[in-house]
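The following paragraphs lead the reader through part of a structure, helix by helix. Please keep the sequence and the model in view while reading.

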Amino acid sequence: MIPDYKQIYTDILKEKFPEKLIDISIKNKLERLHSAIDVLKFNQLIFGEPEYAVGFKSQRLRSYDEESILEILRYQKKNGLSNFQLGCHFKISRNTIAKWKTVFKI
């Protein structure tokens, strides 16, 4: 079962950031939360960059759908990044990226 990201973020915004619900661009992006990449970008828009310690601890709880994984791997190929550089950009382990490349044959 896929979580209802729109409802989750609507509740968070109502409770913690009601002023952001007025912003049209945030409302539009809230309507288009379909993949893990969309959620990560929206989360960064709302909360900003996490501090290193917080980001590192919460990284273990992330999961990615196939569409998001393929988009990340396409980004790597398009920009000629190494696994390390891609990992730093998306805050993903380089070993995870290597595993994805073998599973998805890219």
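**Helix α5 and its neighbours**

The buried residues of α5 are Ser68, Ile69, Leu70, Ile72, Leu73 and Gln76. Buried here means under 20% relative accessible area, with exposed over 50% and partly exposed in between (1.4 Å probe, protein chains only). The model is a predicted one, in which local features need pLDDT of at least 70 and side-chain atom pairs count only at pLDDT 80 or more, while totals for chains, interfaces and linings use all residues. Residues are numbered from 1 along each chain as its sequence is written, and side-chain values use heavy atoms, with hydrogens and water left out.

Helices are DSSP runs (H or I, at least four residues), numbered from the N terminus. The 14 residues of α5 should span 20 Å at 1.5 Å a residue, and the end C-alpha atoms of α5 are indeed 20 Å apart. The expected span is 1.5 Å times one less than the number of residues. The cover over the buried residues of α5 includes α3, α6 and α7 (94-104). After α5 comes glycine 80, with a positive phi near 60 degrees.

Serine 68 lies in helix α5 and counts as buried because its relative accessibility is 0%. Leaving aside residues up to four places away in sequence, serine 68 touches Ser35, Ala36 and Ile37, where contact means heavy atoms within 4.5 Å. A polar atom of the serine 68 side chain lies 3.3 Å from the backbone nitrogen of isoleucine 37.

Two of those names, Ala36 and Ile37, recur among the buried residues of α3, together with Val39, Phe42 and Ile46. Helix α3 (residues 36-47) has twelve residues and reaches 16 Å from its first C-alpha to its last, close to the 16 Å expected. Its buried residues are covered by elements including α1 (5-16), α2 (24-31), α5 (66-79) and α6 (83-90). Glycine 48 follows α3 and has a positive phi, near 80 degrees.

How do two packed helices come to be described? The angle between their axes and the distance between the axes serve this purpose. The axes of α1 and α3 come within 12 Å and cross at roughly 5 degrees; α1 and α3 are therefore roughly parallel to each other (angles under 35 degrees). In this pairing, Tyr5, Tyr9, Ile12 and Leu13 of α1 meet Val39, Phe42, Asn43, Ile46 and Phe47 of α3. By class, the contact has eight nonpolar residues, one polar and no charged.

Note on methods
Helices (H or I, at least four residues) and strands (E, at least two) are DSSP runs, numbered from the N terminus. A polar contact is a pair of N or O atoms within 3.5 Å; within protein, one must be able to donate a hydrogen and the other to accept it, and residues adjacent in sequence count only if both atoms are side-chain atoms. Axes are lines fitted to C-alpha atoms, for helices over the stretch in contact, and angles run from 0 to 180 degrees between N-to-C directions. Angles under 35 degrees count as roughly parallel, over 145 as roughly antiparallel, 65 to 115 as roughly perpendicular and the rest as oblique. Ala, Val, Leu, Ile, Met, Phe, Trp, Tyr, Cys and Pro count as nonpolar, Asp, Glu, Lys and Arg as charged, and the others, Gly among them, as polar.
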